[in-house]
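Work through the exercises below with the sequence and the 3D view at hand. Try each task before reading its solution.

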Amino acid sequence: MNIVAITACPSGVAHTYMAAESLEQAAIARGWTIKVETQGALGAENEITSDDVQNADAVIVTTDIELAGMSRFDGKTIIETTVKKLVVNAAEILDAACDVAVV
């Protein structure tokens, strides 16, 4: 599986990066490829490119705020969740992405 994801929280500090780290660790443990864009206090980092989107099996949007640039994912399978849920159980979110991408 090849996943792209965005993480963001209202303050754009700790939880944004905790969510990104949780996703990355869970994906690596499964042998999956993942690229996580963080939209935090410093702006967007590790930005997802159009090539990244084209090659993605699924998109995970982990946010507690409204995100800019969502139209770049039109036509892709999108799994939406909260930052808290992802930090607590990233594996469950990856399972959902896998289930939807396979259908």
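Three exercises with solutions follow.

This is a predicted model, in which local features need pLDDT of at least 70, side-chain atom pairs count only at pLDDT 80 or more, and totals for chains, interfaces and linings use all residues. Residues are numbered from 1 along each chain as its sequence is written, and side-chain values use heavy atoms, with hydrogens and water left out.

**Exercise 1.** List the helices and strands of the chain from the N terminus on.

Solution. Helices (H or I, at least four residues) and strands (E, at least two) are DSSP runs, numbered from the N terminus. The chain has four helices and five strands. Their succession is β-α-β-β-α-β-β-α-α.

**Exercise 2.** Work out the strand order of the sheet and find which strands stand at its edges.

Solution. Two strands count as paired if DSSP finds at least two bridges between them. The order in this open sheet is β3-β2-β1-β4-β5, with mixed pairing. β3 (43-45) and β5 (78-81) each have a single partner strand, so one side of each lacks a neighbour in the sheet. Next, look at one pair: β2 (residues 33-40) and β3 are joined in the antiparallel sense by three bridges. Here Gly40 is opposite Gly43 in β3.

**Exercise 3.** Compare the radius of gyration of the chain with that of a compact globule.

Solution. The radius is taken over C-alpha atoms, and the globule rule is 2.2 Å times the number of residues to the power 0.38. For 103 residues the rule gives a value near 13 Å; the chain has 12 Å, which agrees. As a further step, the C-alpha atoms fill a box of roughly 35 × 30 × 20 Å along the principal axes.
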